[in-house]
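These exercises go through one structure step by step. Try each task before reading its solution.

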Amino acid sequence: MHSFSVLERTVTIMQNKIDSGRKILYIVISILVSIGIWIYVDDREVDDVTKQFANIPIEFVGENTTLADRGLMLLDSSEEAVTLKLEGSRRMIA
């Protein structure tokens, strides 16, 4: 009779380990599914966004050599900076 109670305890302990293993498996599966849904929804969002960057300085490089080789010249410009406006999907602009 004594050995039977040890066997019952062993079975109970093993069942608890299996149950906790299943619980961990369910948690991992839940996390993976939620990440998958998040990526799907984020990817499906096609809202265009606009970002504007002001006062970007203009730097002329190679104006004396490259342009002159092509028979071109750069006129003096009062603009020393530009404003850049980007439009596109949130994923591309971010």
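**Exercise 1.** Is Thr 50 buried, partly exposed or exposed? Work from the relative accessible area of the residue.

*Solution.*
Step 1. The model is a predicted one, and the relative accessible area of Thr 50 in it is 48%.
Step 2. Buried requires under 20% and exposed requires over 50%, with partly exposed in between.
Step 3. Thr 50 is therefore partly exposed, at 48%.

**Exercise 2.** Place Thr 50 in the secondary structure, then describe the strand around it.

*Solution.*
Step 1. The protein chain has three helices and two strands, in the order α-β-α-β-α from the N terminus.
Step 2. Thr 50 belongs to strand E1, which covers residues 48-57.
Step 3. How many of the ten residues of E1 are buried? The count is zero, and E1 is hardly covered.
Step 4. Across the whole protein chain of 94 residues, 2% count as buried.

**Exercise 3.** Find the partner of E1 and the residues that Thr 50 touches there.

*Solution.*
Step 1. E1 is joined by eight bridges to strand E2, residues 81-89, and the two run antiparallel.
Step 2. Within this pairing, Lys 85 of E2 is the residue opposite Gln 52.
Step 3. Once neighbours within four places in sequence are set aside, the contacts of Thr 50 are Lys 85, Leu 86 and Glu 87.
Step 4. How far apart are Thr 50 and Ser 89 in space? Their C-alpha atoms are 8.6 Å apart, although 39 residues separate them in sequence.
Step 5. For the protein chain as a whole, take the contacts between residues at least 6 apart in sequence: 81% of them join residues at least 24 apart.

**Exercise 4.** Identify the salt bridge and decide whether its two residues are buried or exposed.

*Solution.*
Step 1. The cut-off is 4 Å between a side-chain nitrogen of Lys or Arg and a carboxyl oxygen of Asp or Glu.
Step 2. The side chains of Lys 85 and Glu 87 form a salt bridge, with an N to O distance of 3.7 Å.
Step 3. One salt bridge is counted in total.
Step 4. Glu 87 has a relative accessible area of 57% and is exposed. Lys 85, at 51%, is also exposed.
Step 5. Both residues return from Exercise 3, where Lys 85 and Glu 87 were among the contacts of Thr 50.

**Exercise 5.** State the accessible surface of the protein chain and the share from carbon and sulfur atoms.

*Solution.*
The total is about 9,000 Å², and carbon and sulfur atoms account for 60% of it.

Definitions and conventions: Residues are numbered from 1 along each chain as its sequence is written. This is a predicted model: local features need pLDDT of at least 70, side-chain atom pairs count only at pLDDT 80 or more; totals for chains, interfaces and linings use all residues. Side-chain values use heavy atoms; hydrogens and water are left out. Buried means under 20% relative accessible area, exposed over 50%, partly exposed in between (1.4 Å probe, protein chains only). Helices (H or I, at least four residues) and strands (E, at least two) are DSSP runs, numbered from the N terminus. Contact means heavy atoms within 4.5 Å. Accessible areas come from the Shrake-Rupley method with a 1.4 Å probe; for residues, only the protein chains shown count as cover. Two strands pair if DSSP finds at least two bridges between them.
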